[in-house]
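Visitor: Before we begin, I would like to hear the reasoning behind each label you use, and not only the label itself.

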Amino acid sequence: PPPKKTALSTTVPKEFHFNTDGRMKVTTSSSTAHKEVDFINQLRKPSSPVKAKKGATVPKPFNLSTGSKRKLEGPDVYVPMAQQIEQFQKRTPDRYHLRSRCSLERGPSPVKGDHLKLTQPHTPHLMTRQRSRPPTVRSSADLEAEEVNKLHRFKFKALELNRKILESAEDLKKPVVKEPTVPKGFELQIEKRLQERQTSQKPSEGEDKPHTFKAQPLLKKMLEGVVGLPEKQVLHPTVPESPAFTLKKRVRVDRKMEEAKIPSPVKAPPVPHFGLPFKPLLPENRHVEVCPFSFEERERERKALKEKRLEEMRNVEVPQFKAQPLPDFDSVVLPEKKKLEPTKPEPFRLLLDERGAVRSSRWEQMVKEEQKQQEQATVFKARPNTVTHKEPFQPKKEDHAAAVVEAFELATERRARERQEFERLASEKEALRALMEEEQRREEEQRQQEEIAKLRQEQVHKAQPIRHYRPVAVKKSEVPLTVPQSPNFSDRFRL
């Protein structure tokens with residue numbers, strides 16, 4: 001049934017009672033006394049009352065002697081400010097007054113009479129938990145577990161000593177002697193080119209004989225000394241020449257042209273022999289002859305050459321000036337005007353045209369071949385008659401008794417058999433997987449029990465024995481006593 005609605009009691013309006021009404025001070029104005037206004041009754045009045053008729057303005061004189069401030073009513077005695085301050089300092093505030101005996105006899109208020117209960121703590125649902133990210137730093141327990149796993153994983157286990165190593169150390173085998181290196185000739189490209197050239201020059205001759213290596217006879221000079229190194233050239237002493245300073249008044253001295261030397265023929269040095277050690281020749285002691293020179297002889301030669309050149313220039317005949325005849329201005333001969341031939345346009349020779357021509361020729365050839373094949377296919381050619389030479393068709397009656405019914409297999413039977421095989425394999429795999437999971441779980445539980453037992457064993461406190469140390473032997477110091485001396489602050493003994 002629907003729940004019954006409870007009948008609510010009507011709200012009884014009550015007047016407001018503000019504590020500020022009791023604290024309000026009654027003040028009087030100079031002209032009219034302060035009248036109390038009923039605030040609640042004023043709320044229901046219209047906001048715009050009917051305007052009353054105003055009479056003529058009655059002029060009044062200004063009263064400038066009295067102020068506009070309101071004054072307290074009542075025949076209160078005047079108390080100076082110093083006395084009020086002293087009373088305020090000596091008077092005890094109301095909040096420090098003790099409760100009266102009547103309130104104590106009444107007992108505690110009925111609202112606070114409930115028995116105190118234990119506070120049930122609740123975790124505050126903070127919004128920061130939703131905003132915060134999970135911690136990425138691993139705890140100390142995880143780090144310790146990881147270290148324990150590493151210690152178990154990388155556990156060092158020494159292998160047993162093989163006794164055969166100690167027994168067979170005495171009987172050492174003789175090292176196997178390697179075969180000597182077989183020298184092979186170099187496969188040079190120049191030899192291949194020479195062979196190709198010989199075959200191309202003499203194609204009419206028979207097959208070439210195989211090349212056989214023939215060693216050259218040993219030079220006896222190699223045994224006597226170093227062979228193959230060029231002799232050291234003896235350098236001639238340096239001939240000193242005076243420096244030729246380029247000045248305006250000096251005349252250049254033509255150096256004598258040296259005779260052109262015939263270049264010596266290029267001769268390849270022989271292949272050095274690496275069988276004998278290198279013996280360098282000791283350098284010869286050379287003595288440079290010092291020849292004195294002076295600039296006076298050179299100056300004399302230069303002056304003589306200069307005078308000789310001047311005499312030659314004086315003896316040379318001066319060419320006489322001879323004017324050319326004037327041209328004939330009556331007949332003006334102009335050069336022939338060259339007539340340019342018009343440009344002859346030539347077609348472009350593009351590679352695209354060549355490729356297109358080749359492709360078009362191929363296409364035409366293919367079209368011609370197809371047309372030729374189609375024409376050949378349309379030509380009718382009768383086949384030879386072979387039916388007249390064969391035996392006529394004779395029907396035969398079938399023997400139903402000899403019919404053999406062959407066994408057949410439906411696809412549904414085959415699929416059912418494959419499905420049974422698949423389910424059998426799946427059940428075997430599932431059983432094997434369950435068995436492996438059970439074994440892994442058992443091993444994990446056993447490992448955890450072993451770790452717990454090991455941790456408990458490690459946490460057992462083992463007292464250390466009392467250590468006995470060697471007693472300290474106090475010896476007398478052998479350092480001599482310090483002899484005090486007065487400081488010498490005088491400057492008389494300083495240098």
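Visitor: Why are glutamate 423 and arginine 419 separated by about one helical turn?

Guide: This is a predicted model, and in it the two residues lie in helix H12, which covers residues 411-459. Glutamate 423 and arginine 419 are 4 residues apart in that helix, so about one helical turn separates them.

Visitor: What makes the contact of glutamate 423 and arginine 419 a salt bridge?

Guide: Their side chains meet with an N to O distance of 3.4 Å; the definition asks for a side-chain nitrogen of Lys or Arg within 4 Å of a carboxyl oxygen of Asp or Glu, so the pair qualifies.

Visitor: Why is glutamate 423 called partly exposed, and which label does arginine 419 receive?

Guide: Buried means under 20% relative accessible area and exposed means over 50%. Glutamate 423 has 44%, so it counts as partly exposed, and arginine 419, at 47%, is likewise called partly exposed.

Visitor: How do you know that arginine 433 and glutamate 437 form a salt bridge, and what separates them along helix H12?

Guide: The N to O distance between their side chains is 2.6 Å, which is within the 4 Å cut-off, and therefore the pair is counted as a salt bridge. Arginine 433 and glutamate 437 are 4 residues apart in helix H12, which means a separation of about one helical turn. Arginine 433 is partly exposed at 39% relative accessibility, and glutamate 437 is partly exposed at 41%.

Visitor: What makes arginine 447 and glutamate 451 a salt bridge, and why is glutamate 451 called partly exposed?

Guide: The closest N and O atoms of arginine 447 and glutamate 451 are 2.7 Å apart, so they also satisfy the 4 Å limit. Glutamate 451 has a relative accessible area of 22%, and because buried means under 20%, it is called partly exposed. Arginine 447, at 34%, is partly exposed as well, and the two residues are 4 apart in helix H12.

Visitor: Which residues are linked in a network of salt bridges, and how many salt bridges does the structure hold?

Guide: Glu438, Arg441, Arg442 and Glu445 are linked in such a network, and the structure holds 15 salt bridges.

Visitor: Which residues make the nonpolar surface patch, and why is leucine 188 called partly exposed?

Guide: Phe186, Leu188, Ile190 and Leu194 make the patch, which is about 430 Å². Leucine 188, placed in the loop between helix H7 (163-167) and helix H8 (189-201), has 42% relative accessibility; this lies between 20% and 50%, so the residue is called partly exposed.

Definitions and conventions
Residues numbered from 1 in each chain as written. Predicted model: local features only at pLDDT ≥ 70, side-chain atom pairs only at ≥ 80, totals over all residues. Heavy atoms only, no water. Patch = residues over 30% accessible without salt bridge, like charges linked within 9 Å, V, L, I, M, F, W, Y side chains within 5 Å. Areas by Shrake-Rupley, 256 points an atom, 1.4 Å probe, with all protein chains shown as cover. Buried < 20%, exposed > 50% of the residue type's maximum accessible area, 1.4 Å probe, protein only.
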